[in-house]
Amino acid sequence: MRNFLKKFAGNDLHTLNKATVYAVAEGLCAGAPLLLLFVVLKKALDESLSFFDIAPYLVLLLIFFAAQTFCSINSILNSCSFAYGTGARLRLKIGEHLRKLPLGYFKEGKSGNTIEALLLDVFNVELASSTMYNKLATSFIIPVLVAFFMFCINTKLTLLIVSTVPLALFFFYFFRKKIDARSTAMLSSHRNSASAILEYVQGIRTIKSFNMTGPSFQRLDVALRDLRDQSYSLEATIAPLSEIYACIASLGFPLLLFFGTRMYASEEVSLAVLLFFMILSLKFYQPLMGIAPYFSMIRHLSNSAQNINTVLTTPAQPGELTQFSAQGLPIRFDNVSFSYGDRQVLHDIQFDAKPGTMTALVGPSGAGKTTISHLLARFWDVDSGKITIGSHNVREIAPDALLSQMTLVMQDTQLWNDTVMNNIRFGNPQATDEDVKAAAKAALCHDFICRLPLGYDTVLGENGSSLSGGEQKRIAIARAILKDAPIVILDEATASLDPENEHHIQQAFSSLASSKTVFAIAHKLSTIRTADQILFIENGRIAERGNFESLLAQGGRFKTFWDLQQKGQGWKIRRTK
Ligand SMILES: Nc1ncnc2c1ncn2[C@@H]1O[C@H](COP(=O)(O)OP(=O)(O)OP(=O)(O)O)[C@@H](O)[C@H]1O
């Protein structure tokens with residue numbers, strides 16, 4: 001645990017050490033009244049006792065109380081400063097690392113796990129370092145110091161008191177695998193529910209539209225029930241074990257009573273010493289009793305630490321070229337093949353895109369169009385062949401440097417719960433308000449933004465929920481215009497829009513795409529009439545290529561596709577009686 005904390009705490013580790021020293025000092029100060037009690041008892045039993053005899057001890061007691069309070073405050077402040085500092089650093093580190101991971105990592109259903117790493121696991125580390133670490137340290141150090149002190153007074157009585165502790169610890173050690181298993185199951189269940197809740201919240205619109213709220217949403221229901229069962233099962237294991245552990249450990253007290261009184265009867269020890277040991281044994285057992293619940297927390301922590309490590313050690317995509325400009329460079333897909341797991345979805349893709357031209361990717365659903373554009377952005381790396389920009393293989397280019405040269409307008413628009421101004425400025429944080437407005441005008445959104453209650457200062461709600469789909473898309477285009485990257489990828493950007501919105505967005509795209517190297521993925525073939533080259537993708541291969549007219553003239557798959565779309569424009573929903 002300490003190694004894990006050390007790894008992320010850096011120079012802050014001395015704060016944790018300070019907190020531990022204060023915590024031990026606090027524990028010892030808390031024990032001081034017992035020592036004074038012993039002195040008072042001894043005086044009372046050996047001689048007569050007056051107020052003047054105990055007055056200096058009363059003063060000492062007040063000093064110890066003050067010292068205890070001082071140490072306690074400092075222990076809490078230092079451990080909290082360490083815990084929340086380390087927690088914040090960990091969250092930032094995870095957030096920073098996530099940005100460098102290939103998109104494939106998030107597509108493989110690991111996002112629930114990642115959120116768990118950010119929330120529960122880091123929270124566990126915070127909790128461990130703010131309270132558990134000090135509690136555990138003092139729970140071991142204080143009994144050791146008390147035992148040493150008792151040992152100096154009477155060896156036999158000390159041995160009686162401590163003899164049961166190894167037995168109790170061994171008992172817990174014997175059941176550790178059971179606790180481990182329950183704790184691991186509980187954490188895994190926690191992760192499942194986090195991912196189920198995430199899925200539920202993200203899909204809430206669909207769930208509502210199918211009237212599948214509440215328990216009918218099976219996965220969430222099952223995950224939450226499992227979490228309830230696993231949490232209960234863990235507690236039901238820990239609670240009896242903790243009680244039996246505490247019982248075994250404190251068996252030393254009856255032993256002390258039995259043998260201690262016999263030793264007193266045979267005048268082997270004085271009454272004061274016997275009474276003192278009885279009182280001191282409480283100080284000895286008390287911290288040991290308190291540590292039982294921490295055994296499962298240690299398991300939680302090591303599990304959380306492992307999970308955080310898994311996220312942090314997932315390799316970031318390599319790429320040594322950190323300064324790169326794609327301006328004016330041609331792009332080449334050279335015999336590119338790619339598989340998702342065992343399933344090959346792209347075969348020998350070969351084409352060139354000259355700078356400043358538009359390449360349209362069309363074809364049936366699932367043909368591999370989006371995958372081609374994602375490979376260019378290095379969301380994944382190719383299995384064979386290569387993609388080059390100018391003379392550079394994209395594998396050589398650091399993902400951040402590569403993405404800085406691209407604008408992606410995806411099917412789903414991601415907007416933040418922030419002002420319109422900041423949402424657009426996301427494309428270029430250095431942009432002035434005037435730059436933002438100019439981009440908004442070019443993307444044909446200035447007018448509707450001005451009609452919003454606070455204009456550019458209007459907060460958009462979660463994922464732009466206060467705007468229509470077409471308006472959201474135009475904000476995303478304004479953001480892309482502001483980024484002004486030399487490569488633009490448009491993925492089904494006009495899908496699901498009404499004709500008026502589509503017309504506006506087409507105009508906005510023209511502003512975005514002028515003089516850029518554009519890759520447009522489109523189902524509606526009418527939107528890519530002006531493309532310099534059209535690649536018709538089918539079953540992961542380029543089946544046909546050419547410009548709009550030449551492809552129609554070929555009379556092949558593209559032509560069939562076009563004819564079908566023309567017919568489809570007059571489609572009706574027929575009611576059968
Ligand atoms: N993350 C993924 N893991 C596994 N398979 C995937 C993944 N993403 C896509 N696929 C599969 O790869 C194939 C190509 O998908 P892709 O999204 O590139 O097709 P597309 O031509 O863009 O389809 P559409 O027009 O419907 O968006 C499909 O069969 C799809 O099921």
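## A central strand and its partners

Strand E3 (residues 358-362) runs parallel to strand E8, and the two are joined over 4 bridges. This is a predicted model, so every value below is computed from predicted coordinates. Within this pairing, Met358 has Val518 of E8 as its bridge partner, and Leu361 is matched with Ile521.

E8 also pairs with strand E7 (residues 487-491), again in the parallel sense, over 5 bridges. Here Val488 has Val518 as its bridge partner in E8. Strand E8 itself covers residues 517-521, and 5 of its 5 residues are buried. Thr517, Phe519 and Ile521 point one way from the strand, while Val518 and Ala520 point the other way.

## The whole sheet

Let's step back to the sheet. It is an open sheet of 6 strands with mixed pairing, in the order E6-E7-E8-E3-E9-E10. Strand E6 (406-409) and strand E10 (541-546) stand at the edges; each has a single partner strand, so one side of each lacks a neighbour in the sheet. On average, neighbouring strands are turned by 15° against each other, with direction ignored.

## Helix H18 and the turn into E7

Helix H18 spans residues 469-483, and its 15 residues should cover 21 Å at 1.5 Å a residue; the end C-alpha atoms are 21 Å apart, so the two values agree. The helix is mostly covered, with 12 of its 15 residues buried. Charged side chains are found on that buried list too, including Glu471, Lys473, Arg474 and Arg479. Also on the list are Ile475, Ala476, Ile477 and Ala478.

Just after H18 comes Asp484, which sits in the loop between H18 and E7. Its phi is positive, about 55°, although Asp484 is not a glycine. Asp484 counts as partly exposed because it has 15 C-beta neighbours inside 10 Å.

## Another positive phi

Leu444 also has a positive phi, near 55°, and is a residue other than glycine. Leu444 lies in the loop between helix H16 (433-442) and helix H17 (446-450). With 19 C-beta neighbours inside 10 Å, Leu444 counts as partly exposed, because a residue needs 20 or more to be buried.

## The long helix and the annotated segments

Helix H3 holds 50 residues, from 51 to 100, and should span 74 Å at 1.5 Å a residue; its end C-alpha atoms are 72 Å apart, which agrees. The buried residues in H3 are Cys71, Ser75, Asn78, Ser79, Phe82, Ala83, Thr86 and Leu90. As a reminder, an α-helix has 3.6 residues a turn, so residues three or four places apart point the same way.

An unreviewed UniProt entry lists several stretches as "transmembrane region", among them residues 54-77 and 133-151. In the model, residues 54-77 are 100% helix and 0% strand, with end C-alpha atoms 35 Å apart. Residues 133-151 are likewise 100% helix and 0% strand, and their end C-alpha atoms are 27 Å apart.

## Around the ligand

The ligand is surrounded by 10 residues, of which Tyr340, Ser365, Lys369, Thr370 and Thr371 are the closest. By class, this shell has 3 nonpolar, 5 polar and 2 charged residues. Helix H13 (residues 369-376) gives the most to the shell, with 3 residues.

Conventions:
Residues numbered from 1 in each chain as written. Predicted model: local features only at pLDDT ≥ 70, side-chain atom pairs only at ≥ 80, totals over all residues. Pairing = 2+ DSSP bridges. Near = placed C-beta within 6 Å. Expected span 1.5 Å × (residues − 1). UniProt positions renumbered as here; feature names shortened; annotations may be inferred. Axes fitted to C-alpha atoms, helices over the stretch in contact; angles between N-to-C directions.
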